[in-house]
Amino acid sequence: MKPNDVVLQTITTVAAFIIVLFSIQLFFAGHYNPGGGFIGGLLTSGAIVLLLLAFDIKTVSTIFPFDYKIMTAIGLLLSVGTGAGALLFDVPFLTHAYEYFHLPLLGEQSLHTAVIFDTGVYLVVIGITMTIIQTIGESE
Amino acid sequence: MTLLHLAILSPLLMALIVPLFYKVAKNVHTGWFVLILPVLLFSYFIQFLSRTSKGETITATAEWMPSFGINFTAYVDGLSLLFALLITGIGSLVVLYSIYYLDKHKESLHNFYVYLLLFMGAMLGVVLSDNLLVMYTFWELTSISSFLLIAYWYHRERSRYGAQKSMLITVFGGLSMLGGIVLLGIMGDTFSIRELLAQQDILVSHALFIPALLLILLGAFTKSAQFPFHIWLPDAMEAPTPVSAYLHSATMVKAGIYLVARMTPIFSESSLWIWLVGGIGLLTLMWGSFNAVKQTDLKGILAFSTISQLGLIMSLLGVGAAARFYDYNQYYVAATVAAIFHLVNHATFKGTLFMVVGIVDHETGTRDIRKLGGLMSMMPITATIALIGSFSMAGLPPFNGFLSKEMFFTGMIRVIEMDIFNLSTWGILFPIIAWVASIFTFIYSMILFFKTFTGKYQPEKLDKEAHEAPFGMLLSPIILASLVVIFGFFPNLLSQSIIKPAVEAIVPAIKESSTLKVNIYFWHGFTPELFMTFGVILLGTLLYVYSSKWTPIYSKIPEKLSFNTVYDHGLISMERGAFSLTRRYMTGFIRTYLVYIFTFFIGILSFTMISQGAFTIDTSELAPISVYEVVLAVILVLGTVTILFAKSRLTAIIALGSVGYSVALFFVLFKAPDLALTQLVIETVSVALFLLCFYHLPRLSRHEERTSFKFGNLLISAAVGVLVTLISIASHSQKMFPSISEYYVENSYKLAGGKNMVNVILVDFRGFDTMFEICVLAIAALGIFAMIRLRLTRRSEG
């Protein structure tokens, strides 16, 4: 008899959404409160793992049709690119810059190049966690 | 670069193009092209004679490594010119001889002449360099080229054995010499021989003087095949005969003699030098001549005779060095004169004899004296040359060997009258050993000639029908043999032009006093030397005639006592020892290597802690301990102890997880929210991975047993723990300067626009580290992916 996972699956759809939101909150809050790219990435992949547990690998890969290895590469590229971008402005490698802008919806906000760097970290962490878990999960 | 440098390097340059001649002009023996060079060089060097005989020296410097003070300074004085003439002169004759000796179709001539030219250039470099390091470079090049030449017929096992042996021994000596050279360089702050000579009085009182002396002598003794390093020379006889004639009689083995002669002005102040050079020389003389008699191979006889003659020259140099203590009285310098004269004579007659042996080998197919005999009528010219050579070697008049042997006896008798360094008591041994060795020299010289050319002709034992050699092959030995006779009858031909400047180079002080008069006569009245020669001839003849009566004593000496056995067994046991040592400590178990690593860790750290007196306890800066910390610490310790004594893997994994979570709680307690968050998630993931591994462990090795208890492991782990604890207590108690964290506290918002200091440090202040940490993660992920997906071994099995 096939086990009935209705409860688990229903809760997962809600919970995964909340976890992802929490992880994005952690990621963006990183510069001012505890959090950042690393823990944000880990939590996002935690949400995906939850989906993996509730459904199966096939379903999840249709929901998230990413190749996580490429995601890792993009993350690395973002981080290194942020560092290398500093060179264009004749400052040392990985020098960050920030400025306060008035944005249409959000009002007065500061934009910081460290966020781009952190996005790289975020993507790499999701990429590697999912690569590892998927690889191990798919192996016999 | 001057013409002189070009002359020294020309053989090396010529070696570059020799293969070209071999390929292009296939019908002409490559040797003819090569021959031009040594002849040219000989005529070039001979023009220096007029200048050196007036006492002039020629110096030319080419920069090589000026920043290290290493320049290629060519320096020509009497001694180096004598050697340069020997090298190029005999080199020409050997090349001429080899043209007839080596078949141009059967032999790979390009190899032969490239090696030979390399060797010639290297020898010229050794004798003409003033800088010791440059000389060392050339010195090793002689070792290498001689190695290549000995193994010329590399498909023969004996050739390879001989080449390896000579390489090991001469390179051992060469490296020792390098050590000596470096010590000399430290003492005198220069590598130039002339500049070292100028500060001889400083060197003598220096603490490094004796080590430098010993190391340099080691180099000279190994190269010159002195006792007990002589063993490589007989095995080097596997080389083609022209090589033996050139390297192992006239040139390479004399490099050691050259070195001793060159260094005599620096080192002769020391009694050790005189005793070692004189004593070892005499020992070699005796040992070589004694062993030469028992050889049955013609080249074997010549090899041991070379050893013994080199010992003779060496002992004369040793005795000659004592002249310094007698104000360079001509009476005592006579030994050095004899050494130089015998050096020339030996080069002539030994070259002759080697070539003769080569001819006999070439024309009959054997060198075994038990098979040879009665060749006199078939090979009259060869026989004549051999007669001249061997009688000169035996020291018979009217050949040059007689003169130098008389001078040798004179030198040795002088030792009795010396009253320094215990020579007054032990000195009596010198003439006695010299005399006994001369008797043996006489015997083997006679064996060499009479056993080969007289007696019964045994054609059935020979591979070929014996007949006279072609004229071209005879030409070189004829020239050398006539030199033997000419130097015998007109010894003073050489005395002013060559011997005097060479002696002046060895004994520089004599130049100023200008008392040296080199006069060599056949007849100097009824002196003790003459009676000693009579005795040698008389006893030698008797012993030769009744040789069958006493030669069995050689078989009484057990084979095991020879130095060859020592060498062979030494090599084997060294290899075995190294092998078993490696086998013993490279067990292949990781736990053994971990034991090594931790033992060294403990040893080095505890030694440093104790020797530096580094342990201190300072409790003034400690924070108060709260209840939570105590409770958490107890949980942590309990978890750790559970891991150690857990009977199943599952328990250990869960206990490990509890340790990880309590660490996360510690982070909470110590106000590190980022760390706590990360630690919690990572701990969860890693425990899950552990469980995965546990699940996948193969059925067979799933022994649910407790960690095997070993006392050693306990000791080591306890020691590591205690040590690390002590070190962290000590380092906490010795804070040298305040932390730099104040800077981050002040500036993380001011400069980086962030309030989470940890994150600001991670992405901004020290973002470089983070960048590479995510690289590490990416590599780990790709590694796991590759390991699981690319199971090549499984795929090939399936």
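These are my notebook entries on a predicted model of chains A and B.

**Entry 1. The interface between the chains**

I began with the contact between the two chains. I found 36 residues of chain B in contact with 34 residues of chain A. The two chains bury about 3,100 Å² between them, and 75% of that area is on carbon and sulfur atoms. I then looked up which residues of chain B contribute most: Val763(B), Met771(B) and Ile774(B) supply 17% of the area that chain B buries against chain A, more than any other three residues.

I next checked the polar side of the interface. The rule finds zero salt bridges across it. Polar contacts are present, however, and I noted seven residue pairs between chain B and chain A, with both residues at pLDDT 80 or more.

Which helices of chain B each supply at least two residues of the side that touches chain A? I listed α31 (673-696), α33 (741-752), α34 (757-765) and α35 (767-789). The largest share, 14 residues, comes from α35(B). Sorted by class, this side of chain B has 23 nonpolar, seven polar and six charged residues.

**Entry 2. Asp674(B)**

I looked at Asp674(B), which is found in helix α31 of chain B. This residue is buried yet has no salt bridge. The nearest side chain of opposite charge belongs to Lys671(B) and is 14 Å away.

What lies around Asp674(B), leaving aside its neighbours within four places in sequence? I recorded contacts with Pro34(A) and Gly35(A) in chain A, and with Asn756(B) and Val758(B) in chain B. Two of these neighbours also appear in my list of polar distances. The backbone nitrogen of Gly35(A) lies 2.8 Å from a polar atom of the Asp674(B) side chain. The side chains of Asp674(B) and Asn756(B) are joined by a polar contact of 3.4 Å.

**Entry 3. Lys671(B)**

I followed up on Lys671(B), the residue named above as the nearest opposite charge to Asp674(B). Lys671(B) sits in the loop between α30 (649-669) and α31 of chain B. I noted that Lys671(B) counts as exposed because its relative accessibility is 72%, over the 50% cut-off. Its phi is positive, about 60°, although the residue is not a glycine.

**Entry 4. Other backbone features**

I searched for further backbone values of this kind. Most residues other than glycine have a negative phi, and most peptide bonds are trans.

In chain A, I found that Asp90(A) has a phi near 65°, a positive value in a residue other than glycine. Asp90(A) lies in the loop between α4 (68-88) and β1 (98-103) of chain A. Its relative accessible area is 73%, so Asp90(A) is exposed.

In chain B, I noted a cis peptide bond from Phe227(B) to Pro228(B), with omega near -5°. Pro228(B) is in the loop between α10 (209-223) and α11 (232-235) of chain B.

**Entry 5. Salt bridges**

How many salt bridges are there over all chains? I recorded eleven by this rule, with zero of them across the interface of chain B and chain A.

In chain A, I examined the salt bridge between the side chains of Asp67(A) and Lys69(A), at 3.4 Å from N to O. Asp67(A) is partly exposed, with a relative accessible area of 36%. Lys69(A) also counts as partly exposed, at 27% relative accessibility.

In chain B, I looked up a salt bridge between Arg367(B) and Asp361(B), where the closest N and O atoms are 3.6 Å apart. Are these two residues buried or exposed? Both Arg367(B) and Asp361(B) are buried.

I also noted a salt bridge between Glu504(B) and Lys500(B), with the closest N and O atoms 3.6 Å apart. Both residues lie in helix α22 (residues 492-506) of chain B, four residues apart, or about one turn of the helix. Glu504(B) and Lys500(B) are both buried.

Finally for this entry, I recorded a network of salt bridges that links Arg158(B), Lys165(B) and Asp235(B).

**Entry 6. Val720(B)**

I closed with Val720(B), found in helix α32 (residues 711-733) of chain B. Val720(B) counts as buried because its relative accessibility is 16%, under the 20% cut-off. Not counting residues up to four places away in sequence, Val720(B) touches Phe598(B), Phe601(B) and Ile602(B). I also noted the pair Val720(B) and Thr599(B), which are 121 residues apart in sequence and 8.6 Å apart in space, C-alpha to C-alpha.

Key. Residues are numbered from 1 along each chain as its sequence is written. Chains are lettered from A and ligands numbered from 1 in the order in which they are written. This is a predicted model: local features need pLDDT of at least 70, side-chain atom pairs count only at pLDDT 80 or more; totals for chains, interfaces and linings use all residues. Side-chain values use heavy atoms; hydrogens and water are left out. Contact means heavy atoms within 4.5 Å. Buried area is the accessible area (1.4 Å probe) that two parts lose on being put together, summed over both. A salt bridge is a side-chain nitrogen of Lys or Arg within 4 Å of a carboxyl oxygen of Asp or Glu. A polar contact is a pair of N or O atoms within 3.5 Å; within protein, one must be able to donate a hydrogen and the other to accept it, and residues adjacent in sequence count only if both atoms are side-chain atoms. Ala, Val, Leu, Ile, Met, Phe, Trp, Tyr, Cys and Pro count as nonpolar, Asp, Glu, Lys and Arg as charged, and the others, Gly among them, as polar. Buried means under 20% relative accessible area, exposed over 50%, partly exposed in between (1.4 Å probe, protein chains only). Lys and Arg count as positive and Asp and Glu as negative; His and the chain ends are not counted.
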